[in-house]
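User: I should like to learn how to read a protein model step by step. Could the general idea be given at each point, followed by the case at hand?

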Amino acid sequence: MRGSSKILMVLVVVMILAAPFARADDGLGLPTDKTSGATYELVRFDGVVYRITADVECELFFFRIDNEHHLLSIKPVEEGPTPLCVVVVQWGMFAPVALGLGAGDTNDWILGTETGYAEK
């Protein structure tokens, strides 16, 4: 038993020393990869941090509706017809929500900050 407790102690020490070098790539992290042509931005509004990824450069406008809802208005910076693209918004521990920008359509969504949904 004495030998096994020493081996166990060595194993614990090795695990503690190796912990800073460990890296989790399980896909549960936040979407922080920048693909070519995509923009990534962190926005803090009314106590909520939003992580936003877009295919084209956009202007974002946030408005407070009530304690649980925000209105997000997205306007592409480029003039002319809006290219079809997707804007991905993620906040808190909720899954990312893909918002499609429509050509000639209003690009406004109501975000449920307590429930993680978005509706047009």
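Analyst: The dialogue below goes from the overall layout to the sheet, the core and two individual residues. Please keep in mind that this is a predicted model.

User: Let us begin with the layout. How many helices and strands does the chain have?

Analyst: One helix and eight strands are found in the chain. Read from the N terminus, the order of the elements is α-β-β-β-β-β-β-β-β. Of the 120 residues, 28% count as buried. The chain exposes about 8,500 Å², and carbon and sulfur atoms supply 60% of that area.

User: How do strands of a sheet pair?

Analyst: In general, strands of a sheet are paired by backbone hydrogen bonds, in a parallel or an antiparallel manner. Here, four strands make up an open sheet with the order S3-S4-S7-S8, and the pairing is antiparallel. S3 and S8 (118-119) stand at the edges with a single partner strand each, so one side of each has no neighbour in the sheet.

User: How many bridges join S3 to S4, and what connects the two strands along the chain?

Analyst: Seven bridges join S3 to S4, and a hairpin of four residues links them. Within this pair, Arg64 stands opposite His70 of S4.

User: How does the sheet continue from S4 to S7 and from S7 to S8?

Analyst: S4 and S7 run antiparallel and are joined by five bridges; there, Leu71 has Ile110 of S7 as its bridge partner. S7 and S8 also pair in the antiparallel sense, over two bridges, and Leu111 stands opposite Ala118 in S8.

User: Is S4 largely enclosed or largely open to the outside?

Analyst: The burial of its residues decides the matter. Six of the eight residues of S4 are buried, so the strand is largely enclosed by the rest of the structure.

User: Which residues have the most contacts inside the largest nonpolar core?

Analyst: That core has 19 residues, and Tyr50, Ile74, Val87 and Val89 have the most contacts inside it. At least two core residues come from each of the strands S2 (48-54), S3 (58-64), S4 (69-76), S5 (85-91), S6 (97-101) and S7 (108-112). Val89 illustrates the packing: leaving aside neighbours within four places in sequence, its contacts include Tyr50, Ile52, Leu72, Val97 and Leu99.

User: Let us turn to single residues. Is His69 buried or exposed?

Analyst: The cut-off is needed here: a residue counts as buried under 20% relative accessible area. His69, which lies in strand S4, has a relative accessibility of 19% and therefore counts as buried. The His69 side chain makes a polar contact with the side chain of Tyr117, at 3.0 Å. Not counting residues up to four places away in sequence, His69 touches Arg64, Ile110, Leu111, Gly112, Thr113 and Tyr117.

User: Why does Phe45 count as partly exposed?

Analyst: Partly exposed covers the range between 20% and 50%. Phe45 has a relative accessible area of 22%, so this residue is placed in that class. Phe45 belongs to strand S1 (residues 39-45).

User: Which residues does Phe45 touch beyond those up to four places away in sequence?

Analyst: Phe45 touches Tyr50, Phe62, Phe63, Arg64 and His70. Phe45 and His70 are 25 residues apart along the chain, and their C-alpha atoms are separated by 8.9 Å. For the chain as a whole, among contacts with a separation of 6 or more, 37% link residues 24 or more positions apart.

Terms used. Residues numbered from 1 in each chain as written. Predicted model: local features only at pLDDT ≥ 70, side-chain atom pairs only at ≥ 80, totals over all residues. Heavy atoms only, no water. Buried < 20%, exposed > 50% of the residue type's maximum accessible area, 1.4 Å probe, protein only. Contact = heavy atoms within 4.5 Å. Core = buried A, V, L, I, M, F, W, Y, C linked by side-chain atoms within 4.5 Å. Pairing = 2+ DSSP bridges. Polar contact = N/O pair within 3.5 Å; in protein donor to acceptor, adjacent residues only side chain to side chain. Areas by Shrake-Rupley, 256 points an atom, 1.4 Å probe, with all protein chains shown as cover.
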